[in-house]
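Good morning, everyone, and thank you for making the time. I would like to walk you through one structure, and I would ask you to keep the view open while I talk.

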Amino acid sequence: MRDKEDNRVDGSRRTWLIATSVAGGMGGMTTLVPFAASLAPSEKARAAGAPVEVDISTLKPGEMMTVAWRGKPVWIINRTEQMLAEVTKADGEVADPHTQNPFSIPLPEYCQNEYRSRPEHKNILVLVGICTHLGCSPSPRFLPGPQPNLPANWPGGWLCPCHGSTFDLAGRVFKNKPAPQNLDVPPFMFKTATQLVIGQDEKGEA
C-alpha cells in the first residue's frame with residue numbers, strides 16, 4: 001500500500017516538473033524572440049546609413065550644396081576650370097597631396113588622382129564636411145587671394161573656424177595646420193549625368 005502511494009507521489013511530482021520545465025521553456029522562447037528582434041537595426045538606423053540620391057542639375061559652376069549622409073554633412077562642389085587650376089597650384093603646399101594617409105574612409109580608387117574626383121566628372125568634388133582635427137565643420141572660402149585669417153597667396157578652399165586648419169579645393173589639408181589629414185571622400189557614383197548616389201558605388205554600399 002505504501003509503495004502505491006509513493007508511486008502516485010512520484011508520478012505527480014514528475015508531471016509537475018515536466019509542466020514547469022515546458023512552461024519555463026516557453027517563457028524563455030517568448031523572451032528570446034523580442035531580444036533577438038532587438039538586435040536587428042531599426043528602420044531609422046538603416047535609413048541613417050542608407051545611400052543618398054542627390055539631384056545636382058541646378059548646381060552651377062563655382063557653387064556648393066550640402067546633403068546629410070550618416071548624420072554628417074556631405075559637400076558637393078561643381079568646380080570651375082579656374083578652381084581646378086588652383087588645385088594644381090596647391091600641390092606643393094598641401095601636407096598629403098595623394099591622400100596616402102586617409103582619415104576615417106579609404107579614398108575610393110576612382111578618386112586617387114590630383115583632383116580627388118571621378119575622371120569623367122573631374123569638376124564634381126564630393127567631401128565629408130568634417131574637419132579631421134576635432135570635428136568642426138569648415139567654412140567655404142572659394143575666392144582666391146588675401147583675406148582675413150588666410151594667407152596672401154590663398155588659392156581658395158575651406159577654413160576651419162575652430163583652430164584655423166585650411167583645405168584646398170580638393171579637400172587636402174595645407175601643411176603645418178592642426179588637422180592631420182585630408183577631408184574624407186565618401187563612396188559615390190553617378191546614376192545619371194545629374195544624379196549622384198552618395199554612400200554607394202559600383203562595389204556596393206559603404
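I will speak about the aromatic rings, then about two arginines, and finally about a sheet.

Please keep in mind throughout that what you see is a predicted model, and that the values I quote were computed from that model.

Let me begin with the aromatic side chains, of which the structure holds 5 pairs. One of them brings together Trp75 and Trp158, whose ring centres are 5.1 Å apart and whose planes meet at 10 degrees, so this pair is stacked. If you look for the two residues along the chain, you will find Trp75 in strand E3, residues 72-78, and Trp158 in strand E6, residues 157-159, so the pair ties together parts that are 83 residues apart in sequence. Are these two tryptophans buried or exposed? Both Trp75 and Trp158 are buried. They also have company, since Trp75 and Trp158 form one aromatic cluster together with Phe142.

Now please turn to Tyr110 and Phe188, where the ring centres are 5.9 Å apart and the planes stand at 85 degrees, so here the pair is edge-to-face. This pair, too, links distant parts of the chain, with Tyr110 in the loop between helix H3 (81-89) and strand E4 (124-128), and Phe188 in strand E8, residues 188-192, which puts the two 78 residues apart. Tyr110 is buried, and Phe188 is buried as well.

Which charged residue sits over the ring of Tyr110? It is Arg118, whose charged end lies 3.7 Å from the centre of that ring. The charged end of Arg118 also sits over the ring of Phe188, in this case 5.6 Å from the ring centre.

The other arginine I want to show you is Arg70, in the loop between strand E2 (64-69) and strand E3. Its relative accessibility is 40%, which is why Arg70 counts as partly exposed. Measuring aside, the model places the C-alpha atoms of Arg70 and Val52 9.4 Å apart in space, while the two residues are 18 apart in sequence.

Let me finish with the sheet, which is open and is formed by 3 strands in the order E5-E6-E7, with antiparallel pairing. Its edge strands are E5 (139-141) and E7 (166-167), each of which pairs on one side only. Between E6 and E7, which run antiparallel, there are 2 bridges, and if you follow Leu159 across to E7, you will find that its bridge partner there is Thr166.

Notes. Residues numbered from 1 in each chain as written. Predicted model: local features only at pLDDT ≥ 70, side-chain atom pairs only at ≥ 80, totals over all residues. Heavy atoms only, no water. Phe/Tyr/Trp six-rings, centres within 6.5 Å; stacked < 30°, edge-to-face > 60°. Helix = DSSP H or I, 4+ residues; strand = E, 2+ residues; numbered from the N terminus. Buried < 20%, exposed > 50% of the residue type's maximum accessible area, 1.4 Å probe, protein only. Lys NZ or Arg CZ within 6 Å of the ring centre and 35° of its normal. Pairing = 2+ DSSP bridges.
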